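Trainee: Please take a close look at one aromatic side chain and its surroundings, and then relate that region to the charge pairs and the nonpolar interior. A connected account would be appreciated.

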Amino acid sequence: MVKDMKIVLIHGQNHIGSTCMIAQELANKVKEKTQEKSIIKEFFLPVDFDEPCKGCYTCFTKDLTKCPHYPKLEPLETALLEADLIILESPVYVYHATGQMMSFLDHFGTWWVVHRPRPEMTKKQAVVISTAAGGGMKSTVKDMSDSLEMWGIAKVHKYGVGVQAVNPNEIPERILNKIHKKTDKLSEAVCKNAGKQKMNSRGKKWFYLMRFAHKHFPPMEPDHSYWGNKGWHGKNRPWK
């Protein structure tokens, strides 16, 4: 039996549309497979976080906790760090994720593998979901998966679907059936991979490139000391 999971949903908009519906359906199916003992937390942007990055560079020169927006950001950061499964969803807005979602992700630049990655991420899975009446899902999914992969998350599942509708109740039955089958498969994949610790291949490639840079070029602080304290210049690895 799959262990209880902590699931966090970050919605890239406030309204309960097709993308939100799919994300909630997936989270509930994962919960059902764990005998409903899993915990689901949801955050809606921009209601739960509405600050665009100021570009002050404080997170890079000091720490994310020094960000001027950190008091608002902290509940979402804590939920991300505690979660076993992270679900990010955004409808297509001009072929990309919503501005709210991108503003949120902008605040976690220091979590990228090339800076000060969090080892906790190598124990997590994530799903990125996007819908549109027509196209643009691929680029929107990539907007979100770029951050998740570069955070070092073990496995990032991706799902984009054209729903040919503006509202969930207008989605054609044949497409709705495909969505239900896909969320079934995604929930099974998530449960199958639960508990596995690794870093995705993209993140691992950049980890080794940065490790090489740290050892052969002048140190950039505070990144260099962070890696040194973790033992990553030696034999330690974030995924072990």
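Mentor: Phe212 counts as partly exposed, because its relative accessibility is 48% (buried is under 20% relative accessible area, exposed over 50%, partly exposed in between, with a 1.4 Å probe and protein chains only). This is a predicted model, in which local features need pLDDT of at least 70 and side-chain atom pairs count only at pLDDT 80 or more, while totals for chains, interfaces and linings use all residues. Residues are numbered from 1 along each chain as its sequence is written, and side-chain values use heavy atoms, with hydrogens and water left out.

Phe212 belongs to helix α7, which covers residues 201–216 (helices, H or I with at least four residues, and strands, E with at least two, are DSSP runs numbered from the N terminus). Its C-alpha atom lies 8.7 Å from that of His233, and 21 residues separate the two along the sequence. One contrast is offered by helix α6, which spans residues 173–193 and contains Arg174. That arginine is partly exposed, since its relative accessibility is 49%. Thr183 is likewise found in helix α6, yet Thr183 is buried, with a relative accessible area of 0%. Thr183 and Ile7 are 176 residues apart along the chain, and their C-alpha atoms are separated by 15 Å.

The charge pairs come next. Side chains of opposite charge can pair when their charged atoms come close. The whole structure holds 11 salt bridges (a side-chain nitrogen of Lys or Arg within 4 Å of a carboxyl oxygen of Asp or Glu). Arg202 takes part in a network of salt bridges that also links Lys142, Asp146, Glu149 and Lys158.

Two of the pairs share Lys72. In the pair with Asp50, the closest N and O atoms are 3.3 Å apart. This contact links distant parts of the chain, 22 residues apart, with Lys72 in helix α3 and Asp50 in the loop between β2 (39–44) and α2 (58–61). In the pair of Lys72 with Glu51, the corresponding N and O separation is 2.8 Å. Here again distant parts of the chain are joined: Glu51 sits in the loop between β2 and α2, 21 residues from Lys72 in helix α3. Lys72 counts as partly exposed because its relative accessible area is 40%. Asp50 is partly exposed at 44% relative accessibility, and Glu51 is partly exposed at 22%.

A further pair joins Lys29 and Glu25, whose closest N and O atoms are 3.3 Å apart. Both residues lie in helix α1 (residues 18–33), 4 residues apart, which is about one turn of the helix. Lys29 counts as buried, given its 15% relative accessibility, and Glu25 counts as buried at 16%.

Finally, the interior. The largest nonpolar core has 32 residues, of which Ile10, Ile86, Leu88, Met101, Phe104, Leu148 and Trp151 touch the most other members (such a core is a set of buried Ala, Val, Leu, Ile, Met, Phe, Trp, Tyr and Cys residues joined through side-chain atoms within 4.5 Å). Two or more residues of this core come from each of β1 (6–11), α3 (70–82), β3 (85–89), α4 (99–106), β4 (125–132) and α5 (137–150). The most is given by α3, with 6 residues.
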